[in-house]
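Work through the exercises below with the sequence and the model open. Each task is followed by a solution in steps.

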Amino acid sequence: MYNSKGGIMGKMTSQLASSVKLRGHKRETMFNNLYGNPTTQINWSGASADCLIESKKLLATLDQSIGSQSNKVSVKGGNTIQIHLGKLPELTDRAKFNVTKNHKGQTVVDHGISFADQKAQLKSKDFWDTYLRKGDVIAWSIDDKGKFAFFNMDNVIDFIINNCNWRLLPTGRLKGDFFGKQYLTYEYRNKKDMFVLGAHGGKKGKQFINLLMNNIPCHIQ
């Protein structure tokens, strides 16, 4: 799913964040060795597809199994999924937002945008095309040994839009629930002065992938 090389958890040091990114790039190198061009330069910018499938056999398989004919891939893995870290003007107005502390010492954010408008954005295909669509296929590294779960990005986006129920907490965090269980979070990070959207905390990323496996077409190899 967007700088998403496996996600970033909680309060992470820059050294640990760098190691997470490096693991993500190792996954992309492994993917290229298996299904792409081993000599391809890794995409460090994060603005476009991580990898391109050059295996005609895999392309034919994905066409039949998940209904995708595209070779543009977003490679992911790890315990969490970071969809976006930075500014999301659709969800927070930087000119109006306000950060305070409540009586418990918790960070409280007023986004400067109504919850109704936030939910409208989160139900919009354009929103997810902007922040999640980094390729037309998601390849999730199951074991970091060359085994991947493949999803059609259109199916993933449609599933999120149609099945995620969003809640606004008193702290300003947004929580995304599927079938009564929380998977996604949108929240402010004080140290980075940025907002993060993703399946983060614990093993939410893996749990979200398992949710997708049980609800939309998936190919594993």
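Buried means under 20% relative accessible area, exposed means over 50%, and partly exposed lies in between. By that scale, both Phe 31 and Phe 148 are buried. The model is predicted.

**Exercise 1. Classify the ring pair formed by Phe 31 and Phe 148, and place both residues in the chain.**

Step 1. A search of the whole structure gives 16 aromatic pairs.
Step 2. For Phe 31 and Phe 148, the ring centres are 5.3 Å apart and the planes stand at 90 degrees. Ring centres within 6.5 Å make a pair, and planes over 60 degrees apart count as edge-to-face. The pair is therefore edge-to-face.
Step 3. Phe 31 belongs to helix 1 (residues 14-35) and Phe 148 to strand 7 (residues 148-152). With their positions 117 residues apart, the pair links distant parts of the chain.

**Exercise 2. Classify the pair of Phe 178 and Tyr 183, then find the cluster that holds both rings.**

Step 1. The ring centres of Phe 178 and Tyr 183 are 5.8 Å apart and their planes are at 75 degrees, so this pair is edge-to-face.
Step 2. Phe 178 has 1% relative accessibility and therefore counts as buried. Tyr 183, at 8%, is buried.
Step 3. Ring pairs join Phe 178 and Tyr 183 with Phe 159, Phe 179 and Phe 208 in a cluster.

**Exercise 3. Is Phe 179, a member of that cluster, buried or exposed? Describe its backbone as well.**

Step 1. Phe 179 sits in the loop between strand 9 (174-178) and strand 10.
Step 2. Its relative accessibility is 54%, so Phe 179 counts as exposed.
Step 3. Phe 179 is not a glycine, yet its phi is positive, at about 55 degrees.
Step 4. Asp 144 is another non-glycine residue with a positive phi, here about 60 degrees. Asp 144 lies in the loop between strand 6 (137-141) and strand 7. At 43% relative accessibility, Asp 144 counts as partly exposed.

**Exercise 4. Which residues does Asn 215 contact, leaving aside neighbours within four places in sequence?**

Step 1. Asn 215 is in the loop between helix 6 (204-213) and strand 12 (219-220). Its relative accessibility of 38% makes Asn 215 partly exposed.
Step 2. With neighbours within four places set aside, Asn 215 is in contact with Phe 159 and Phe 179. Both of these phenylalanines belong to the ring cluster of Exercise 2.
Step 3. Asn 215 and Phe 159 are 56 residues apart along the chain, and their C-alpha atoms are separated by 8.2 Å.

**Exercise 5. Which members of the largest nonpolar core touch the most other members?**

Step 1. In soluble globular proteins, nonpolar side chains tend to be buried together.
Step 2. The largest nonpolar core has 37 residues, and Trp 128, Ile 160, Phe 178, Leu 184 and Phe 208 touch the most other members. Helix 5 (residues 153-163) gives the most to this core, with 6 residues.
Step 3. Ile 160 contacts Trp 128, Leu 132, Phe 178, Leu 184 and Phe 208, not counting neighbours within four places in sequence.
Step 4. There is a second, separate core of 14 residues, with Cys 51, Ile 53, Val 137 and Phe 148 among them. Phe 148 is also a partner in the ring pair of Exercise 1.

**Exercise 6. What lines the largest cavity, and which strand gives the most to the lining?**

Step 1. Rolling a probe the size of a water molecule over the atoms shows where empty space is left.
Step 2. The largest cavity holds about 60 Å³ of space.
Step 3. Its lining consists of Thr 107, Val 109, His 111, Thr 171, Gly 172, Arg 173, Tyr 186, Glu 187 and Tyr 188.
Step 4. Strand 5 (107-110) and strand 10 (181-189) are the elements that give two or more residues to this lining. Strand 10 gives the most, with 3 residues.
Step 5. Sorted by class, the lining has 3 nonpolar, 4 polar and 2 charged residues.

**Exercise 7. Where is Gly 67, and which residues does it touch beyond four places away in sequence?**

Step 1. Gly 67 falls in the loop between helix 2 (56-65) and strand 2 (72-77).
Step 2. Gly 67 has a relative accessible area of 51% and is exposed.
Step 3. Not counting residues up to four places away, Gly 67 touches Leu 62 and Asn 152.
Step 4. The C-alpha atoms of Gly 67 and Cys 218 are separated by 9.8 Å, with the two residues 151 apart along the chain.

Methods:
Residues numbered from 1 in each chain as written. Predicted model: local features only at pLDDT ≥ 70, side-chain atom pairs only at ≥ 80, totals over all residues. Heavy atoms only, no water. Phe/Tyr/Trp six-rings, centres within 6.5 Å; stacked < 30°, edge-to-face > 60°. Buried < 20%, exposed > 50% of the residue type's maximum accessible area, 1.4 Å probe, protein only. 1 Å grid on protein atoms, 1.4 Å probe; cavity = no way out; pocket = protein on both sides within 12 Å on 5 of 7 lines; lining within 4 Å. Points joined across faces, edges and corners; volume = space filled by probe spheres on them. Nonpolar A, V, L, I, M, F, W, Y, C, P; charged D, E, K, R; others polar. Core = buried A, V, L, I, M, F, W, Y, C linked by side-chain atoms within 4.5 Å. Contact = heavy atoms within 4.5 Å.
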